[in-house]
Amino acid sequence: MLEKQAIMEKINCPICKRSNQNTILISRKDDISEKIFNIVQCDCGFKFLNPRPTSLEINKYYDVDTYHPHQKGHGIIYYLFNVARKFTYFWKLNLISKYSDGKIKHLDYGGGDGSFSKYVKKSDNQSISYDPITNNIQDFINQNQKFNIITLWHSLEHIHDLDNLFSNLDKLSDINARVIIAVPNFNAFEKKYFGDEWAAFDLPRHLYHFDHIALTELLDNKKYNIINKKNIFLDTIYISLLSKNKSEDISFFKMLKIIIKTIIRVIYNGPNFSSSLLFICEKRN
């Protein structure tokens, strides 16, 4: 278990840059550290963690066996996660193939263990995985490496310095490059059923909590156009499984009903209400 004392920082709203005086929206205990963290809402509507662990302090919230994406072992959730990942990698590769300009030159920004990049390279494509904990992004920039596809699969919400992130993306992007961003959706339909046990809160590792309006505004501020949006239905299943595991009030059959209802509503209402937002973007000239 982590120590309860942590080095925290208070920040201004990352979207509008206004005062760091915000309204507390949600207070929730982290399952790993047992420390309480606050999601606040700015006057502009953006929701984010404040105060938050510093960029040096945050690493210890990942370096634990009980954090599910890093877990190794057995169990239904672990098994289904690995099965779903195989289908997801196939789907992701088809997606980036569609939006690449010729041969794929791919950077997986925040790619964790690098398994998706390894999958992409099996099809005779170029792919590099960047993990901010183990790699230095400046090395890629200094080598003048350029990519026509950059993906951020559930990594944007983890990155402390968004200004520096988008500056790096600009330096690493080839002409007509596409940037594909996936983040949990604060307006996801299943969230209302799971309440405080909704797994995608993931405090304090998730620093920002986007809906489609906030993500659109951030991208517009960084001079990116959104050229398409997609649903990620497997994320509905995965997030619901993790949420059910946290909640004693949700049975397996009730979870299945939640998944089915969510998928039907997303099909009807569109990707702005999916469990995860997936935006395909390009830099404005």
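1. In this predicted model, the side chain of Lys 92 lies over the face of Phe 116, at 5.6 Å from the ring centre. A second contact of this kind involves an arginine: the charged end of Arg 265 sits over the ring of Phe 189, and the distance to the centre of that ring is 5.5 Å.

2. Rings also meet other rings, and a search of the whole structure finds 14 aromatic pairs. One of them can be followed step by step: the ring centres of Trp 198 and Phe 201 are 5.2 Å apart and their planes stand at 90°, and because an angle over 60 degrees counts as edge-to-face, the pair belongs to that class. Are these two residues buried or exposed? Trp 198 has a relative accessibility of 1%, and since buried means under 20%, Trp 198 counts as buried. Phe 201, with a relative accessible area of 3%, is buried by that rule too.

3. Aromatic residues can also gather in a group, and here Phe 46, Phe 48, Tyr 208 and Phe 210 form one aromatic cluster. Two members of the cluster, Tyr 208 and Phe 210, reappear in the lining of the largest cavity, which is taken up in the next point.

4. How many cavities of 30 Å³ or more are there? The count comes to one, and the volume of the largest cavity is about 50 Å³. Its lining is made up of Glu 157, Pro 184, Asn 185, Phe 186, Trp 198, Ala 200, His 206, Tyr 208, His 209 and Phe 210, so that Trp 198, the buried partner in the edge-to-face pair, is met again here. By class, this lining divides into six nonpolar residues, three polar residues and one charged residue.

5. Turning to the pockets, the second largest pocket holds about 230 Å³ of space. It is lined by 13 residues, and those closest to its centre are Asp 174, Asn 176, Ala 177, Lys 283 and Asn 285. The elements that each give two or more residues to this lining are strand S9 (173-184), strand S11 (224-230) and strand S12 (276-283). Which of the elements gives the most to the lining? Strand S9 does, with six residues. Sorted by class, the lining of the second largest pocket has four nonpolar, four polar and five charged residues.

6. The next point concerns the pairing of strands S2, S3 and S4. Strand S2 (residues 23-29) and strand S3 (residues 36-41) run antiparallel and are joined by six bridges. Within this pairing, Ile 26 has Ile 39 of S3 as its bridge partner, while Arg 28 stands opposite Phe 37 in S3. The hairpin of S2 and S3 has six residues between the strands, and there Glu 34 takes a positive phi near 65°.

7. Strand S3 also pairs with strand S4 (residues 47-49), again in the antiparallel sense, over three bridges. Which residue of S4 is the bridge partner of Ile 39? It is Leu 49, so Ile 39 has a partner in S4 as well as being the partner of Ile 26. The hairpin of S3 and S4 has five residues between the strands, and Gly 45 takes a positive phi near 105° in that hairpin.

Key. Residues numbered from 1 in each chain as written. Predicted model: local features only at pLDDT ≥ 70, side-chain atom pairs only at ≥ 80, totals over all residues. Heavy atoms only, no water. Phe/Tyr/Trp six-rings, centres within 6.5 Å; stacked < 30°, edge-to-face > 60°. Buried < 20%, exposed > 50% of the residue type's maximum accessible area, 1.4 Å probe, protein only. Lys NZ or Arg CZ within 6 Å of the ring centre and 35° of its normal. 1 Å grid on protein atoms, 1.4 Å probe; cavity = no way out; pocket = protein on both sides within 12 Å on 5 of 7 lines; lining within 4 Å. Points joined across faces, edges and corners; volume = space filled by probe spheres on them. Helix = DSSP H or I, 4+ residues; strand = E, 2+ residues; numbered from the N terminus. Nonpolar A, V, L, I, M, F, W, Y, C, P; charged D, E, K, R; others polar. Pairing = 2+ DSSP bridges.
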